[in-house]
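This note is offered to a colleague who is beginning to read protein structures. Please keep the sequence and the 3D view at hand while working through the numbered points.

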Amino acid sequence: MKKGKGLKKGLLLALLLAVMAGTLNVQAAGKDVTKSMSKNSGLKKIVRDITKYTTVEMAGSTKKVTVSMKNSNLFSMAGYVGANSYHKTGFTKAEIQKLTYNLFGKKPSVSVIPKFRAKGQRWIARRYQSWQKKPYVYTGGDWGTYYPVYKITRIVKVKTNVYDVTVTNKLGSYETKTTRAAGTTTIRIKKNTKSSYGFVITKLTYKGNGQRF
């Protein structure tokens, strides 16, 4: 009986330690690292660039959107970032694939980029005029009298080298010299030394508050 009781206590202790270890691992994975990681220049740059895209997409909407990370959509987002962060309106195959890889860690085939005014065409398309020197072109406009602003509110470590970044999207006005909240973006990023940012985006969601501009 004593031997059985000792074995039972040992099993209970092992189970308790396993539960505690699991709890500690969950807590470590969900650790708030805002203070330290918000100073990372690569993280700030990739957040800055992608929130320009989510800010314009959430305009006038209150719907929560989980962004498709499929091939054509990756090129569309990369084209938007290229135009609005790096002042490019035309891209070679190498340029658009490099930009897409830096943002998302993927280099899809350019065959998925739609033709100009084709169904599903968003921010980038295959050229539509023979005089254009580069085969892929940005098809959107600019911000006019407005400009996007972002503020990192929280960074949580999900697991090793993976972080969820919560951002408040804001809209600034050159005319009124004011800013107003436009919505919220959540970005999951993963460290990637081959990206120019040092990180790539693996998940992206946003929700606007109905602001129009």
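1. Arg188 is a suitable residue to start with: its relative accessibility is 22%, so Arg188 counts as partly exposed, given that the partly exposed class lies between 20% and 50%. Please note that the model is a predicted one.

2. Which residue forms a salt bridge with Arg188? The partner is Asp164, and the closest N and O atoms of the pair are 2.7 Å apart. Asp164 belongs to strand β7 (residues 162-173) and Arg188 to strand β8 (residues 179-191), so this contact ties together parts that are 24 residues apart in sequence.

3. As general background, side chains of opposite charge can pair when their charged atoms come close. In this model the count of salt bridges comes to 6. The pairs described in this note are among them.

4. A further salt bridge joins the side chains of Arg154 and Asp32, with an N to O distance of 3.2 Å. This pair links distant parts of the chain, since Arg154 is in strand β6 (residues 146-159) and Asp32 is in strand β1 (residues 31-32), 122 residues apart. Arg154 has a relative accessibility of 41% and counts as partly exposed; Asp32, at 42%, also counts as partly exposed.

5. Lys134 and Glu95 form another salt bridge, their closest N and O atoms lying 3.1 Å apart. Here too distant parts of the chain are linked: Lys134 sits in the loop between β4 (124-126) and β5 (136-138), while Glu95 is in helix α5 (residues 93-104), 39 residues apart. Are these two residues buried, partly exposed or exposed? Lys134 is partly exposed, with a relative accessible area of 28%, and Glu95 is partly exposed at 25% relative accessibility.

6. The pair in point 5 should not be read in isolation. Lys88, Glu95 and Lys134 are linked in a network of salt bridges.

7. The strands on either side of the Lys134 loop, β4 and β5, also belong to a sheet. This open sheet has 3 strands in the order β3-β5-β4, with antiparallel pairing. Its edge strands are β3 (90-91) and β4, each of which pairs on one side only.

8. How many bridges join β4 and β5? The two strands pair in the antiparallel sense over 3 bridges. Arg126 stands opposite Tyr136 in β5. In general, strands of a sheet pair through backbone hydrogen bonds.

9. Finally, helix α4 (residues 71-86) lies across β3, β4 and β5, and runs at about 65° to β5.

How values were computed. Residues are numbered from 1 along each chain as its sequence is written. This is a predicted model: local features need pLDDT of at least 70, side-chain atom pairs count only at pLDDT 80 or more; totals for chains, interfaces and linings use all residues. Side-chain values use heavy atoms; hydrogens and water are left out. A salt bridge is a side-chain nitrogen of Lys or Arg within 4 Å of a carboxyl oxygen of Asp or Glu. Helices (H or I, at least four residues) and strands (E, at least two) are DSSP runs, numbered from the N terminus. Buried means under 20% relative accessible area, exposed over 50%, partly exposed in between (1.4 Å probe, protein chains only). Two strands pair if DSSP finds at least two bridges between them. Contact means heavy atoms within 4.5 Å. Axes are lines fitted to C-alpha atoms, for helices over the stretch in contact, and angles run from 0 to 180 degrees between N-to-C directions.
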